[in-house]
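Biologist: Thanks for joining me! Could we walk through this model together, one question at a time?

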Amino acid sequence: MPKAYMGKFLFVDLSTGSSWTKEVPEWMTSSLLGGKGFGAKLLADLAPSGCDPFGADNPLMVMTGPLTGTSAPSMRGCVVTKSPLTGTFLDSYFGGYFSPEVKYAGYDGLIVTGQATGPVYLWIDDDQVEIRPAGHLWGQDALEANEAIKTELGDETIKILSIGPAGENKVLYSLISCEYNRQAGRGGAGAVMGSKQLKAIAVRGSQPVTLHDPEAFRAAVIQANADLEQSEDVQAMKAGGTAPAVDFANETGLLPTRNFQDGTFEQASNLGDAGQAKHLWLNSAACLGCPIRCSKMGAVRTGKYAGFITDIVEYESAALMGSNLGISDVRSVAHLVKLCDRFGLDSMSTGGVIGFAMEAGEKGIIESPEGIALEFGNVQAAEYLIRSIAFVDNDLGKLLAQGVKRAAAVLGGDASAFAQHVKGLESPAWGPRGAAGTGLAFMTADRGGCHQRGLPAPLEVTGGEWEGETVQALALEGKADMLISMQNYLAGTDALVKCDFGGFGVQPETYAALLSAATGQSFTADVFDQLGERIWNLTRQFNLREGIDPAEDILPRRFVQEPLPSGPYKGHHFTADDMAALKKDYYSRRGWDETGRPTQDTLKRVGVQDLPKFEKDS
């Protein structure tokens, strides 16, 4: 087994109450590395074809990478399962401290199957594994449960994943809270955890992560930090995290406004870094060992919601819970996002769902609850809907807990015309009508509408360069090549599991040097592109196996039928011909057939066919 790996997975079967370890085969470390690579292969091999996401046989996995638990800027973790929201492959990433603790406990990944007969939590103390009753924790919010478990175990340093009431109630876009201010947010992994009656996973470890060549690794870490220092994007992250993206998106017509009806918002600056610095921030904060410190700790100190601690309101949340709902007071937005965190809701999907509900209310498709006006700008309505969804305690909450795709189908009529999603995953906070490659990214992302599988928008709307050519925002030609390159590299480095923002600065050669020095294997910079292509075909195969129709590689109707009403790309929208041309080029350059399925030659070329099956046994 190469250095930097712990060499084993921990399996826990909640149905039988048993646990065991399984050796990580060397073919996995050499051909898949870790993180997304491990998760993609394990989900394909362990989840039966067509399995119910809420069934006992859908695995819930936490994967680490070979650099996790070291001083490299690669400290995040990866939750992998079959999504109950989309029915697709789901990988959801989180920062903080939990993932390194899994390595310190002696594991490269945790794999939970089965269903408990009553609420439980999992307590992992190095090689001691207990399934403990959690009836007394059921109903607590995610942060209350975290504190209660640490008190019960008598150690504040224990690292914990937990769910809130939304996960317990199997809201399809509920999240997993990873300590106090990090979440595995998208796609409903919290609902999978709730279906297993698993309230939390607590981990404490004491084992070191060994390195093949500590001196070479130290030199590579120094180079990685130098790469970060030299990156203008990273320096901007240090100053304001993702919050400055609000003003950028607004100026370029990408900002979701009133359920994506527009791409600009008249009070956007209130939601960005200037507004947050004024009303929220007190200091910077970082994940374990991260030199960027992109997070901001603070508190709401004035106004109606004064008195609670908050961190940065990340761009996606600020946009989808702010401008997308017509809400301009960042203190109110911080309050709504905090409710989502406590109840265990993905604030991105929740913002999309509430935007849909507010538009449906204004159009008379949904009747407003007594005393609550479902209209844009109404913070009271947003809070009411968050609580209704998390606790599914009324008919409207039950409807919206299904996500916009299912809710629109239930409502019928014109509702699907303004349900913003791709394959059931609510749209991220980048309206793509002025950025053709970004539209293609959403169409083809392996977990549905997602900005973390390649985001060409910043290059497109600024006329940036790609491979020596100026990128034209509305051009279709060349976008497939650019996106595929982004998707492959991101998937490959997600096997590390790297920090997204660290990836803005750390160069491929530096990542390869870190990996080589850590493991003792020899890697060059192109390994991530090659690995990413292998992973991308693995996840595509899984999604096709689970019944995803390539005809669903399309954008929401609003982006196709409604021109942008303002901004630099005013009047533009996608057409059916645009989407068809983008898809045709993308499929061809991926080595997929005209229906969007990888050919046998492609699967052989990228090494998918030669991968052995991982066998689970106890």
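Biologist: In which sense do strand 7 and strand 8 pair?

Modeller: First, a word on the source: this is a predicted model, where local features need pLDDT of at least 70, side-chain atom pairs count only at pLDDT 80 or more, and totals for chains, interfaces and linings use all residues. Residues are numbered from 1 along each chain as its sequence is written, and side-chain values use heavy atoms, with hydrogens and water left out. Strands (E, at least two residues) and helices (H or I, at least four) are DSSP runs numbered from the N terminus, and two strands pair if DSSP finds at least two bridges between them. Strand 7, residues 120–125, is joined to strand 8 over six bridges, and the sense is antiparallel.

Biologist: Lovely. Which strands are the edge strands of the open sheet?

Modeller: The open sheet has six strands with mixed pairing, in the order 8-7-12-9-10-11. An edge strand here pairs on one side only, and that holds for strand 8 (128–133) and strand 11 (183–184).

Biologist: At about what angle does helix 4 run to strand 9?

Modeller: Axes are lines fitted to C-alpha atoms, for helices over the stretch in contact (heavy atoms within 4.5 Å). Angles run from 0 to 180 degrees between N-to-C directions. Helix 4 (residues 142–153) lies across strands 7, 8, 9, 10 and 12, and its angle to strand 9 (159–162) is about 140°.

Biologist: Back to strand 7: which residue forms a salt bridge with Asp125?

Modeller: A salt bridge needs a side-chain nitrogen of Lys or Arg within 4 Å of a carboxyl oxygen of Asp or Glu. For Asp125, the closest N and O atoms are 2.7 Å apart, and the partner is Arg204. That pair links strand 7 to strand 12, 79 residues apart, through Asp125 and Arg204.

Biologist: Is Lys199 buried or exposed?

Modeller: Buried means under 20% relative accessible area, exposed over 50%, and partly exposed in between (1.4 Å probe, protein chains only). Lys199 forms a salt bridge with Glu168, at 2.6 Å between the closest N and O atoms. Glu168 lies in helix 5 (residues 165–168) and Lys199 in strand 12, so the pair ties together parts 31 residues apart in sequence. Glu168 is at 11% relative accessibility, and with 0%, Lys199 is buried.

Biologist: How many salt bridges does a search of the whole structure find?

Modeller: One of them joins the side chains of Arg76 and Asp500, at 3.9 Å from N to O. Over the whole structure, the search finds 33.
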